[in-house]
Amino acid sequence: SSSKAKAFFQILGKKSAKYQGNDQKDCHECFVDILDILESEDKEENDIDTCKAVDLFSSEVTSCLTCDNCGLKRSKKEHYNHFSLDLSSNLSESLDQFFHSGAKLEISCDKCKHKTSTQAVSLSRTPQILLLQLKRFAYSYSKRDSNKNTAPISIPPQLNFGNSSMKLSSVVHHIGKTANSGHYTADLLCNDKYEREWPKEVVEV
């Protein structure tokens, strides 16, 4: 209800000054901020390394650099609570672009001092809940504003991600032409009712 939503944002405003007042905020940014607040408070109150709520969304990505001259490998692990993806015709392609391997990077090798390395990116931990953001806005320096890409993207009801099969449960839509205006709506998969109404092959978002 609207009263519960108002009470929620009053509490959120006490946690973060950016949510005080009535200015419109980005939905995805707000959710990520909530995860950060939960994680920070849980660690402080319980003296633990991980927050159970945030851990549901936690992924681990391994980036490996291989020297193009001597073959020296260097690996780095990074944690993600969400993935921001470039827009393409379908979701699998957007994920493939994010996890693309074979890029040539100008990074000096610690061993032979060669100037280039090849990057390989892989998913080393799969989240229980996968949170994806589609980057529909791109800043235009000529217009000094953000342009919105409104092209549809095909999203399968089932998605193979790492060693898990993910089921589409909800989609949040931004309705509006600019990043600074508009409003949000959401489609939610709810028990059998929406399973029967949900398209069997793809969803156009």
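Here are a few exercises with worked solutions on this predicted model.

**Exercise 1. Find out how far the model can be trusted, and where to be careful.**

Start with the whole chain: its mean pLDDT is 86, and 91% of its residues reach 70 or more. Next, look for a weak stretch. Residues 194–205 have a pLDDT below 50. In the model this stretch still has 29 contacts beyond near neighbours in sequence. How should you treat a place like that? Where pLDDT is low, the predicted coordinates should not be read in detail.

**Exercise 2. Work out the strand order of the open four-stranded sheet, and say which strands stand at its edges.**

Step one is the order: the sheet runs β2-β1-β5-β4, and the pairing is antiparallel. Step two is the edges. β2 (73–80) and β4 (103–105) each have a single partner strand, so one side of each is left without a neighbour in the sheet. Step three is the twist: on average, neighbouring strands here are turned by 35 degrees against each other, if you ignore direction.

Now zoom in on one edge. β4 is joined to β5 (residues 117–125) by three bridges, with the two running antiparallel. If you want a spot to check by eye, find Lys104, which stands opposite Thr118 in β5.

**Exercise 3. Take the β7/β8 and β10/β11 hairpins, and describe the pairing and the turn in each.**

Begin with β7 (residues 137–140) and β8 (residues 145–148), which pair in the antiparallel sense over four bridges. Ala138 sits opposite Asn147 in β8. Four residues lie between the two strands of this hairpin, and Arg144 in the turn has a positive phi of about 55 degrees.

Then move on to β10 (residues 158–161), which four bridges join to β11 in an antiparallel run. Here Asn160 is opposite Ser165 in β11. Two residues lie between β10 and β11, and the turn holds Gly162, with a positive phi of about 65 degrees.

**Exercise 4. Describe the largest pocket: its space, its lining and the elements behind it.**

First, the space: the largest pocket holds about 1400 Å³. Second, the lining: 37 residues line this pocket, and Leu132, Gln133, Leu134, Val171 and Val172 are the closest to its centre. Third, the elements: α2 (27–46), β6 (132–135), β11 (164–167), β12 (170–175) and β13 (183–188) are the ones that give two or more residues to the lining. Which of them gives the largest share? That's β12, with six residues. Last, the chemistry: the lining divides into 23 nonpolar, nine polar and five charged residues.

**Exercise 5. Do the same for the second largest pocket.**

About 460 Å³ of space lies in this one. Of the 20 residues that line the second largest pocket, Ala5, Phe9, Tyr19, Gly21 and Asp23 are the closest to its centre. Both α1 (2–15) and α2 supply at least two residues of the lining. How many residues come from α1, which gives the most? The count for α1 is seven. To finish, split the lining by type: seven residues are nonpolar, seven are polar and six are charged.

How values were computed: Residues are numbered from 1 along each chain as its sequence is written. This is a predicted model: local features need pLDDT of at least 70, side-chain atom pairs count only at pLDDT 80 or more; totals for chains, interfaces and linings use all residues. Side-chain values use heavy atoms; hydrogens and water are left out. On a 1 Å grid over the protein atoms alone, a cavity is a set of points where a 1.4 Å probe fits but cannot get out, and a pocket is an open set with protein on both sides within 12 Å along at least five of seven lines; lining residues have an atom within 4 Å of a point. Grid points are joined across faces, edges and corners, and a volume is the space filled by probe spheres set on the points. Ala, Val, Leu, Ile, Met, Phe, Trp, Tyr, Cys and Pro count as nonpolar, Asp, Glu, Lys and Arg as charged, and the others, Gly among them, as polar. Two strands pair if DSSP finds at least two bridges between them. Axes are lines fitted to C-alpha atoms, for helices over the stretch in contact, and angles run from 0 to 180 degrees between N-to-C directions. pLDDT is the predictor's confidence in each residue, from 0 to 100. Contact means heavy atoms within 4.5 Å.
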